[in-house]
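Q: Please pick one part of this structure and look at it closely. Start there, then lead me outward step by step.

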Amino acid sequence: PGEETWLLDYRQIPGNLAIRDPWDRLEEQLRRDWSGLRIKACAIDIGGHFTRQAYQFAKRPALKGLVFPIKGATKPQQKLTRRSSNKARLWLVDTVAAKDQILGRLKIELPKDHQAGAPVPGYMHFPQDLDGSYFEMLLAERPVTKAGRRAYEKITEDARNEALDRTVYGLAA
């Protein structure tokens, strides 16, 4: 309710993305039961070196309606996500708007009188076993203005931002 979110798990699936094995392990994670919760949508970035494999993964029959290929939009959009006009399966994501939403939601606190199970719109829940490196990745970028347009850039050149990117994908999904 109210786009309240829960991070269920954070893990990397190692492997060579040119072969089927890591994709099979990802499918297993997407289809598993998480203590009564199930993943209903997953966004997969088609950028990078394994575009064909990412599209093939999204087309698996068991993942129909669950996995959506995405790519960052090159300019601001009216909606956070929209279908690409030239590729029906591809969704474009306004990553600046998504990151703005995420950073705003990270500032939402649980009310002091919060009752367990009562929704807190926009609030983001995290597992207690996450270490500080996850949150460093989540907060690895800052908003800037470049050539009159809002953008995000890494706070330091070598900052890892995978947690932020994955949160953008989750929001898009």
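**One helix face and what lies around it**

A: Helix H3 spans residues 95-105, and its buried residues are Ala98, Lys99, Ile102 and Arg105. Look down the axis of H3: these buried residues fall within an arc of 130 degrees, so they line one face of the helix. Keep in mind that this is a predicted model.

What lies over that face? The cover on the buried residues of H3 includes strand E6 (124-125), strand E7, strand E8 (149-154) and helix H5 (162-172).

Now follow one of the buried residues, Lys99. The side chain of Lys99 makes a polar contact with the side chain of Glu141, at 2.7 Å. Glu141 belongs to strand E7, which runs over residues 141-146. E7 is among the elements that cover the buried residues of H3.

Is Glu141 buried or exposed? Its relative accessibility is 8%. The cut-off for buried is under 20%, so Glu141 counts as buried. Leave aside the neighbours of Glu141 within four places in sequence. Its contacts are then Lys99, Tyr152, Glu153, Lys154, Ile155, Asn161, Leu164 and Asp165.

Take Asn161 from that list. Asn161 sits in the loop between E8 and H5. At 13% relative accessibility, Asn161 counts as buried. Its contacts, again without neighbours within four places in sequence, are Met137, Ala140, Glu141 and Lys154. Glu141 and Lys154 are in contact with each other too.

Next come the charged pairs. Side chains of opposite charge can pair when their charged atoms come close. The count for this structure is 12 salt bridges. One of them joins Glu162 and Arg160, with 3.2 Å from N to O. Glu162 is partly exposed, at a relative accessible area of 29%. Arg160 is partly exposed as well, at 45%. Elsewhere, salt bridges that share partners tie Arg20, Asp24, Glu27, Arg31 and Arg60 into one network.

Which pairs belong to this network? Arg20 and Asp24 form a salt bridge, with their closest N and O atoms 3.1 Å apart. Arg20 is exposed, with a relative accessible area of 55%. Asp24 is partly exposed, at 31% relative accessibility. Then there is Arg60, in a salt bridge with Glu27 whose closest N and O atoms are 2.6 Å apart. That pair links distant parts of the chain. Arg60 lies in the loop between H2 and strand E3 (67-72), Glu27 lies in helix H1, and 33 residues separate them. Arg60 is buried, and Glu27 is too.

Glu27 leads on to helix H1. Its buried residues are Pro22, Trp23, Glu27, Gln29 and Leu30. Down the axis of H1, these fall within an arc of 160 degrees, so they line one face of the helix. What covers the buried residues of H1? The cover includes strand E2 (42-45), H2 and E3.

Aromatic rings come next. The whole structure holds 5 aromatic pairs. One is the tilted pair of Trp23 and Phe57, at 5.3 Å centre to centre, with 40 degrees between the planes. This pair, too, links distant parts of the chain: Trp23 is in helix H1 (residues 21-31), Phe57 is in helix H2 (residues 51-58), and they are 34 residues apart. Trp23 and Phe57 are buried.

Ring pairs also join Tyr10, Phe126, Tyr134 and Phe135 into a cluster. A charge meets a ring at Trp34: the charged end of Arg32 sits over that ring, 3.6 Å from its centre.

Last, go back to the loop between H2 and E3, where Arg60 was found. Lys64 lies in that loop. Is Lys64 buried or exposed? At 73% relative accessibility, Lys64 counts as exposed. From Lys64 to Ala41 is 23 residues in sequence and 9.9 Å in space, C-alpha to C-alpha.

To retrace the start: the buried residues of H3 line one face of the helix, and the side chain of Lys99 meets that of Glu141 in a polar contact.

Technical notes:
Residues numbered from 1 in each chain as written. Predicted model: local features only at pLDDT ≥ 70, side-chain atom pairs only at ≥ 80, totals over all residues. Heavy atoms only, no water. Helix = DSSP H or I, 4+ residues; strand = E, 2+ residues; numbered from the N terminus. Buried < 20%, exposed > 50% of the residue type's maximum accessible area, 1.4 Å probe, protein only. Polar contact = N/O pair within 3.5 Å; in protein donor to acceptor, adjacent residues only side chain to side chain. Contact = heavy atoms within 4.5 Å. Phe/Tyr/Trp six-rings, centres within 6.5 Å; stacked < 30°, edge-to-face > 60°. Lys NZ or Arg CZ within 6 Å of the ring centre and 35° of its normal. Arc of directions from axis to C-beta. Salt bridge = Lys/Arg side-chain N within 4 Å of Asp/Glu carboxyl O.
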